[in-house]
Amino acid sequence: MASSVIALSLGAACAAEPAWPMFRGPDANPVAVKGKLPEKWSKTENVEWAAEIPGRGWSSPIVYGRRVFLTTVATEGKSKPPQIGTEYSNEYVAEMMKQGVGEQEALQRVTDRDIELPKEVMLHYYLYCFDLRSGRVVWKRQFYSGQPPGGRHRKNSFASETPATDGKRVYVYVANLGIYAYDMKGTQVWHAPLETYPIYLDFGTGASPVLFGNRLVIVNDNEKQQFIAAFDTATGKPVWRTNRDLALKADGPPRRSGWVTPFVWKNSQRTEVVTVGPGVAVSYDAAGRELWRLSGMSEIPIPSPFAYEGMLYLNGGRGKALFAVRSGAEGDLTPREDGKLNEFVAWSQPHGGTYLPTEVAYDGALYALSETGILSRFDAKTGQQTYRSRIEGGGAFTSSPWAYNGKVFCLSEEGKTFVIAAGEKFELLHINLLDEMAQATPAIVGDRLLLRTESRLYSIRNRN
């Protein structure tokens with residue numbers, strides 16, 4: 001989140017750049033350095049407004065001027081309830097294996113319990129537009145109705161991709177369904193249908209689109225044909241598409257599905273699109289040609305890349321490394337077998353990666369949060385770890401941490417925000433309670449924090 005953007009008043013934001021145009025903000029690093037932002041809140045304290053959101057979705061809110069955009073999906077009839085916690089079916093399978101349950105039966109039981117298949121549900125996909133100051137619904141549009149193109153794990157939602165906006169149009173991307181562009185008044189400008197591709201075990205999708213000039217860029221890592229593609233923002237017509245073949249062999253067949261939002265890195269050398277797929281991070285130029293790659297990523301990549309003070313940060317995923325990459329790289333940056341780093345890799349921190357949340361860079365440090373509530377702090381320039389501490393009572397975490405006012409905020413799936421002092425020593429200051437499931441990463445705009453829970457969108461703002 002760019003400080004120059006955060007400092008804008010709402011009136012200036014309408015005439016200038018979007019305040020929060022895409023997932024994790026304009027810099028893909030949810031940080032504010034100025035503004036009277038709230039540090040304490042509850043369901044009643046410092047709540048400017050709370051808007052009810054029918055249906056379910058884990059996409060984040062985005063903002064342009066006085067308009068807030070958000071997607072959700074409503075289900076006809078019953079839907080498998082969302083899941084809180086860090087049991088992602090693996091423990092269930094392990095327990096069945098101990099009991100002597102066969103592989104096929106175990107897979108069927110997991111599917112019955114945890115996977116919502118397309119044939120099981122009828123859905124209504126919506127794009128909402130709210131007024132930033134009041135929370136009033138300005139307009140809503142149903143952009144698709146019917147069975148979904150693929151299933152979802154109950155930990156996921158059918159609306160997990162965050163939209164993007166350039167102030168002219170709002171771009172809604174649902175992998176395997178298509179891209180929908182609306183003007184700011186809610187009129188659909190174009191629709192680009194996309195082919196349906198299989199996702200590993202029908203876990204669902206989650207990689208959000210990004211804007212690159214007058215191009216909308218998406219990454220679709222799936223089990224059939226992975227690709228990165230760019231579309232013209234005015235017409236929706238494809239500009240280029242680059243197929244890719246990234247896979248990391250696990251216990252069974254190679255896995256090719258991924259959930260990582262790409263990052264447009266404007267550095268001192270050039271502008272490139274950085275992606276993370278199964279096993280490998282790959283960067284592309286403006287025409288979709290590969291520039292460099294770096295192996296060592298997880299087989300199930302989720303955290304997003306981003307840059308901070310001239311350096312690119314790559315989160316390899318759970319059990320993998322954190323990498324810091326310098327600009328201007330070309331070719332294969334993978335460390336040698338003896339551990340020596342490529343000249344363009346400034347540092348790597350073994351086992352510094354996380355499973356779900358993306359780390360946040362703030363005041364010279366990286367704060368990496370595990371899904372089980374372990375917060376680690378690394379020096380952004382050197383990679384040196386300064387602490388690794390468990391957030392007591394934290395539970396499970398999916399949302400990425402954010403930072404401002406000398407503090408780091410970590411939102412648990414139970415709606416608890418743990419406020420931690422930024423600095424070399426771990427210090428939990430207080431806990432803000434909303435008491436409702438939350439998996440979306442918030443938006444920061446001006447002096448407001450927009451925080452989505454399972455059924456509401458909150459505008460958190462200091463009342464004084």
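Here are some questions and answers about a predicted model.

Reader: Hello! In what order do the strands of the open sheet of four strands stand?
Author: Happy to start there. Strands of a sheet can pair in a parallel or an antiparallel way. In this open sheet of four strands the pairing is antiparallel, and the order is 8-9-10-11.

Reader: Which strands stand at the edges of that sheet?
Author: Look for strands with a single partner strand, so that one side is left without a neighbour in the sheet. That description fits two strands, and they are strand 8 (164-165) and strand 11 (188-193).

Reader: How many bridges join strand 9 to strand 10?
Author: Strand 9 covers residues 169-174 and strand 10 covers residues 178-183. The two run antiparallel, and the number of bridges joining them is six.

Reader: And which residue in strand 10 stands opposite V172?
Author: Strand 9, made of residues 169-174, is joined to strand 10. Opposite V172, in strand 10, you will find Y180.

Reader: Is K185 buried or exposed?
Author: K185 lies in the loop between strand 10 and strand 11. Its relative accessibility is 69%. The cut-off for exposed is over 50%, so K185 counts as exposed.

Reader: Leaving aside its neighbours within four places in sequence, which residues is K185 in contact with?
Author: Although K185 is exposed, it does have partners from elsewhere in the sequence. Once neighbours within four places are set aside, its contacts are W139 and R141.

Reader: How far apart in space are K185 and R293?
Author: In sequence, these two are 108 residues apart. In space, taken C-alpha to C-alpha, the distance between K185 and R293 is 41 Å.

Reader: What accessible area do L428, I431 and L433 have together?
Author: One of the three, L428, has its place in strand 34 (residues 428-433). L428 counts as partly exposed because its relative accessibility is 34%. With I431 and L433 it forms a nonpolar patch on the surface, and together they have an accessible area of about 220 Å².

Reader: What is the phi of A28 near?
Author: Most residues other than glycine have a negative phi. A28 sits in the loop between helix 2 (10-15) and strand 1 (47-52), and it counts as buried, at 10% relative accessibility. Its phi is positive, near 60 degrees.

Reader: Last one: is D435 buried or exposed?
Author: D435 belongs to the loop between strand 34 and strand 35 (443-445). Its phi is also positive, near 55 degrees. With a relative accessibility of 54%, D435 counts as exposed.

Methods
Residues numbered from 1 in each chain as written. Predicted model: local features only at pLDDT ≥ 70, side-chain atom pairs only at ≥ 80, totals over all residues. Heavy atoms only, no water. Pairing = 2+ DSSP bridges. Buried < 20%, exposed > 50% of the residue type's maximum accessible area, 1.4 Å probe, protein only. Contact = heavy atoms within 4.5 Å. Patch = residues over 30% accessible without salt bridge, like charges linked within 9 Å, V, L, I, M, F, W, Y side chains within 5 Å. Areas by Shrake-Rupley, 256 points an atom, 1.4 Å probe, with all protein chains shown as cover. Salt bridge = Lys/Arg side-chain N within 4 Å of Asp/Glu carboxyl O.
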